[in-house]
Amino acid sequence: MEDRLAPLFASPYVKRLGVRYDGHGDELTCILPYKDELVGNPLIPALHGGAIGAFMEITASAGLMAASELAALPKPIDVAVDYLRPARPQGVYARAAITRQGSRVANVRVEAWQDRRGAPIATLHGHFLVKPAG
C-alpha cells in the first residue's frame with residue numbers, strides 16, 4: 001500500500017497540510033494534524049472548512065489508490081461536502097469508502113471525525129476520474 005500512496009503523499013500540497021495516513025489491515029485512516037494556521041474562525045475557534053474539504057478529497061484519492069493500482073492520481077470530477085458541525089482546534093481523522101468503481105469513474109464517500117467516529121464533522125461524496133494501471 002505504501003508504494004501506491006507515495007505519489008499522493010509526496011505532493012507539496014499534501015505535505016503543506018501535513019496529512020498522513022495509518023494503514024492497518026485493509027483499513028486506511030487519514031490524519032490531518034492540528035496546526036494553528038488551519039483555524040478559519042478564531043472566535044469559535046473552528047478549523048477552516050476549505051482545509052477540511054481538501055483533507056477529505058485527499059482521503060478519497062488515498063482510498064482509491066490503496067484499493068487498486070492506478071496509472072495516475074485520481075482526478076476529481078465533482079465533490080459535494082456536507083459540514084455537519086464545527087471542527088474544533090484538534091486533529092481530524094477520515095476514512096474513504098468506494099461505493100462504485102468502474103473502468104474510468106469511481107464514486108467515493110468520505111467521513112471525517114475528531115473525537116468519535118460516530119459523530120462525523122463532515123462528509124464528502126465525490127466522483128473521480130481514474131486510470132487503471134496496465
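**Notebook: the sheet, its helices and the core**

I began at a single pair of residues, and I noted that Asp82 stands opposite Thr123 in strand 8. The model I am reading is a predicted one, and I keep that in mind for each entry below.

**Entry on the sheet.** From that pair I moved to the strands themselves, and I found that strand 5 and strand 8 pair in the antiparallel sense over 8 bridges. I then asked in what order the strands of the sheet are arranged. I read the order as 1-2-6-7-8-5, in an open sheet of 6 strands with antiparallel pairing. I reminded myself that strands of a sheet pair through backbone hydrogen bonds, either parallel or antiparallel.

**Entry on the edges.** Why is one side of strand 1 and of strand 5 left without a neighbour in the sheet? I saw that strand 1 (20-24) and strand 5 (75-83) stand at the edges, and because each has a single partner strand, one side of each has no neighbour there. I also wrote down that the twist averages 25° from one strand to the next.

**Entry on strands 1 and 2.** I looked up the pairing of strand 1 with strand 2 (residues 27-32), which is antiparallel and runs over 5 bridges. Within this pairing, I found Tyr21 bridged to Cys30 of strand 2. Helix 1 (residues 2-9) packs on the sheet here, where it touches strand 1 and strand 2, and its direction makes about 170° with that of strand 1.

**Entry on strands 6, 7 and 8.** I followed strand 6 into strand 7, and I noted that the two form a hairpin with 3 residues between them. They run antiparallel and are joined by 8 bridges, and in this pairing Ile98 has Val108 of strand 7 as its bridge partner. Strand 7 is also joined to strand 8 by 8 bridges, again antiparallel, and here Val108 has Gly126 of strand 8 as its bridge partner. I therefore placed Val108 in my sketch with Ile98 and Gly126 as its two bridge partners.

**Entry on Asn107.** I stayed in strand 7, where Asn107 lies, and asked whether Asn107 is buried or exposed. Its relative accessible area is 18%, so Asn107 counts as buried, the cut-off being under 20%. The side chain of Asn107 makes a polar contact with the side chain of His127 at 3.3 Å. Beyond residues up to four places away in sequence, Asn107 touches several others, including Ala97, Thr99, His125 and His127.

**Entry on helix 3 and the core.** I saw helix 3 (residues 49-67) lying across strands 2, 5, 6, 7 and 8, at about 50° to strand 6. I then looked for the largest nonpolar core, which has 34 residues, and those with the most contacts inside it are Phe9, Val19, Leu32, Ile52 and Val92. Among the elements that give two or more residues to this core are helix 1, helix 2 (12-17) and strand 2, while helix 3 gives the largest share, 10 residues. In soluble globular proteins, nonpolar side chains tend to be buried together. For Phe9, leaving aside neighbours within four places in sequence, I listed contacts that include Val14, Val19, Tyr21, Cys30 and Ala62.

Key: Residues numbered from 1 in each chain as written. Predicted model: local features only at pLDDT ≥ 70, side-chain atom pairs only at ≥ 80, totals over all residues. Heavy atoms only, no water. Pairing = 2+ DSSP bridges. Helix = DSSP H or I, 4+ residues; strand = E, 2+ residues; numbered from the N terminus. Axes fitted to C-alpha atoms, helices over the stretch in contact; angles between N-to-C directions. Contact = heavy atoms within 4.5 Å. Buried < 20%, exposed > 50% of the residue type's maximum accessible area, 1.4 Å probe, protein only. Polar contact = N/O pair within 3.5 Å; in protein donor to acceptor, adjacent residues only side chain to side chain. Core = buried A, V, L, I, M, F, W, Y, C linked by side-chain atoms within 4.5 Å.
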